[in-house]
Structures are given as C-alpha cells and as structure tokens.
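Me: I would like to learn how to read the features of a protein model one at a time. Could we go through them together, with the general idea before the particular case?

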Amino acid sequence: MLADLAIAIADGADCISDLRTLRDQPGLFGPVASLPTAWRVLDRVSAASLSLVRKGRAIARERAWAAGAGPDLSGECFLDLDATIVIAHSDKQAAAGTFKHTFGFHPLLCFLDRDDVASGEALSGILRPGSAGSNTAIDHERVLHLAIESLPAPARPRPKGCASPSYVVRADAAGATHRFARACVEVGCGFSFGFPITAAVRDAVLALEDEDWQDAIEEDGGVRDGALVAEVTRHLDLAGWPVGSRVIVRKERPHPGAQLSLFDIEAGWRHTAFICAPRPGAGRDERPSRRSRCATGAMPESRTGSARPRPPAFPTCRAGSSPRTRPGSSACSRLRISCAGRSGSASSTTPSSHAVRSPPSATGSCM
C-alpha cells in the first residue's frame, strides 16, 4: 500500500484520492488499494513505525543504485537543504501561520543533487508547522542525519580519516549557524551556506583593495559577465565556525528586479556572500568534479520553492549610466578560488574601472 502511494506521488498525485490514476491501469500497476484502505494504512503509521519505513526505503535505494540507478560518487556530491511553504486551505493538523503571512506548513527537505535527475533525488524531510523557524539548527541537523541514513552504507560520508565519498552540504543563509556547520563536519561533510551581508561583512568589503577582486568564473571555465569575487575571511571574526571556514563575497551588476540594499545602491553592485569549508581531510582548494547547480551565495535550486538561478545569457543592467567594462584580460594569469561548487579567477592586474563606483539611479532601481 505504501509503495502504491509512493508511485502515485512520483506520478504527480497530491492527495490520496489520486490513487485512482493507478487503479484505472491494472495492466500496468496490478491491484491497487481502495481509498478507505489507503486511509486506514496511513492512520496506522505511528512515530514508532516511521523508522521501519525509512529503513525499507534505504534498502530499496541500495538495490536500485546497485542495479545501475545510482549517481557518480567518484567526484564531489552535494546535499541541498531548503525549506518551503505549503499552503493549507483549511484547518489542518499542525498547520499554522507562516512568516509570509499565509497559513499552512513549513517542511524542511534534503535532496541529493544529480545531473541526471531534473529535481534531484529526495533523501529526507520533516513536516513542520508553518510557524517553524527558518534557521532552526536542530531541524537542519535532524534532516541531514536522516538523509545520510537513507543512503546505502558504502555511499555514506564518514568522519576524517575514513575513506568515503566526498559530500558538501549546501543551504541558504537559514542554514548558516555554528551548530549546523559543526554537525556537517562531524559527519564528514564539507559545507557551503549563504552568508548574510551584515555590518561586519560590509566593513570587510570596504576594506578590500582593488587587486583583491577577481573575475567570477562559471563552472564551465568562462568568465561571468560583470561579476567579481573576493575572499574576506581575514577581515572577519570566525571564531565560532569550524577550522578552515572561509567567507567569499561576490559583487555583480544588478539584474532587472534584483532587491538591493542601501549599501548595494550606494556601491552600484549587488553583493552576495557564502561561508564554506571543505570536507574534513580535504585540501583547501579542492574543486568539485562536476557542475554545481547553485549560484554563488544563492539559495538551492527551485526544487523546494527557491528562485531559479539566472541563466548566464540573461542580460544584466547597470546601476547608473557608466559604460560597462568587461573584467579581466586574456593576458592575465589566473588563480582559482573554489569551494563547494563556486569558483573564481584572479588576474595579476585588475582594471582600475573595477574600483570606480557607478552613480546610483534616482530611484535606486536598475535602469
């Protein structure tokens, strides 16, 4: 019965009555339970039996991966955590008001990023009331542990000193807590979290010299148009973070519709940041072996409701009327900065135009 429900969900079902889609195709799915039977089965699933359900799902995944449906574990693997709002249109169990002034739930999910699976492979998730916090570290930690338990034993990360596949945990700024970062390191994973642009980060950005800014490099090796990156770790106090943590800031010309702070409007650039650390035992500049889905400092992909990353070909706009200057030079030597799927490229001589602030528009929006 639970297998029938899982198949229905994979086929797009969003309520139990959608089982009729399977029931109407007995030649393909065989006997399918009736709606009352499905209700009774779900009602009997208690908290004590959930562990057995998870164990059965892990066994099924192990067999599927062994049969050839598994991902490539030879390179860097990414575990993406994100929360999403699910609207409830009536009074439901555990439903509550959300921070977006709606009513429903605020589940937290973890997906294994896979190039061959459009939405990634779902590993774990917990249902939370709509009033649940975005940066509740204990929830992130629980979802991570459930995700690791759902992986086949040979595919799980292991603490430092043990040979295992390499994993990096990614999350938006809601996951950037000391406790969750330590939890990632303890289970043998690196991490890469969105990092808020606080007053300390703004001061660090202003303290950078022109030569500190480097061309932002796409994963395919091309230069990201109008974007620069710099490391500000030395200007910040990261005493509460795991050893080896680094903070990278990216600035780029705002795209249409970008939400800008007063700092961004004054500088003429849109700033984002992320904090990262390699998996325990890995080198400082270890690079992932395949494309990363997440943009620098951005949320995980829209599989859980976050906005889609802007395609490289999408036109950018200037905050002001100063002429565009393409950063970098083909004659420059390049030094890569990478961490958890984000990378940058440095030139030995940075054009002076990078340091010139474009005058903001009168309304503070893109022109």
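Me: To start with a single side chain, is Phe 193 buried or exposed?

Reply: This is a predicted model, and what follows should be read with that in mind. A residue counts as buried when its relative accessible area is under 20%; Phe 193 has a value of 0%, so it is buried. The value for Phe 180 is also 0%, and Phe 180 is buried as well.

Me: How many aromatic pairs does a search of the whole structure find, and how should I read one of them?

Reply: A pair of aromatic rings is described by the distance of the centres and the angle of the planes. The search of the whole structure finds three aromatic pairs. One of them joins Phe 180 and Phe 193, with 5.3 Å from centre to centre and 20° between the planes, and this pair is stacked. Phe 180 belongs to helix α7 (residues 178-186) and Phe 193 to strand β8 (residues 190-194), so the pair ties together parts that are 13 residues apart in sequence. Ring pairs also bring in Phe 191, linking Phe 180, Phe 191 and Phe 193 into a cluster.

Me: Which charged residues lie over the ring of Trp 269?

Reply: Here one looks at where the charged end of a side chain lies relative to the ring. The charged end of Lys 251 sits over the ring of Trp 269 at 4.7 Å from its centre, and Arg 253 lies over the face of Trp 269, at 4.0 Å from the ring centre.

Me: Returning to the helix that holds Phe 180, which residues of α7 are buried, and where do they fall around the axis?

Reply: For a helix, one asks which residues are buried and then in what directions they point from the axis. In α7 the buried residues are Phe 180, Ala 181, Ala 183 and Cys 184. Viewed down the axis of α7, the buried residues fall within an arc of 160°, so they line one face of the helix. Their packing partners are β1 (76-83), α6 (137-149), β7 (166-171) and β8. After α7 comes Gly 188, which has a positive phi, near 90°.

Me: How many residues of β1 are buried, and how do they point?

Reply: For a strand, one can sort the side chains by the direction in which they point and then ask about burial on either side. Eight of the eight residues of β1 are buried, so the strand is largely enclosed by the rest of the structure. Glu 76, Phe 78, Asp 80 and Asp 82 point one way, while Cys 77, Leu 79, Leu 81 and Ala 83 point the other way, and all of them are buried.

Me: Which strands pair with β1, and in what sense?

Reply: For strand pairing, one reads the direction, the number of bridges and the partner residues. β1 and β7 run parallel and are joined by five bridges, with Val 168 of β7 as the bridge partner of Phe 78. The pairing of β1 with strand β5 (residues 108-112) is antiparallel, over five bridges, and in β5 the bridge partner of Asp 82 is Leu 109.

Me: What is the strand order in the open sheet of three strands?

Reply: The order is β2-β4-β3, and the pairing is antiparallel. The edge strands are β2 (86-87) and β3 (96-97), each of which pairs on one side only. Two bridges join β3 to strand β4 (residues 103-105) in the antiparallel sense, and Phe 103 in β4 is the bridge partner of Gly 97.

Me: Turning to α6, what do Asp 139 and Leu 146 touch beyond their neighbours in sequence?

Reply: Asp 139 lies in helix α6, and at 17% relative accessibility this residue counts as buried. Not counting residues up to four places away in sequence, Asp 139 touches Leu 108, Ile 126 and Arg 128. Leu 146, also placed in helix α6, is buried with a relative accessible area of 14%. Leaving aside neighbours within four places in sequence, Leu 146 is in contact with Arg 54, Ser 124 and Ile 126.

Me: Finally, how many helices and strands are there in the chain, and what percentage of its residues count as buried?

Reply: The chain has nine helices and 14 strands, and 46% of its 367 residues count as buried. Among the contacts in the chain with a separation of 6 or more, 61% are between residues 24 or more positions apart.

How values were computed: Residues are numbered from 1 along each chain as its sequence is written. This is a predicted model: local features need pLDDT of at least 70, side-chain atom pairs count only at pLDDT 80 or more; totals for chains, interfaces and linings use all residues. Side-chain values use heavy atoms; hydrogens and water are left out. Rings of Phe, Tyr and Trp (its six-membered ring) pair if their centres lie within 6.5 Å; planes under 30 degrees apart count as stacked, over 60 as edge-to-face and the rest as tilted. Helices (H or I, at least four residues) and strands (E, at least two) are DSSP runs, numbered from the N terminus. Buried means under 20% relative accessible area, exposed over 50%, partly exposed in between (1.4 Å probe, protein chains only). A charge sits over a ring if NZ of Lys or CZ of Arg is within 6 Å of the ring centre and within 35 degrees of the ring normal. The arc is that of the directions from the helix axis to the C-beta atoms. Contact means heavy atoms within 4.5 Å. Two strands pair if DSSP finds at least two bridges between them.
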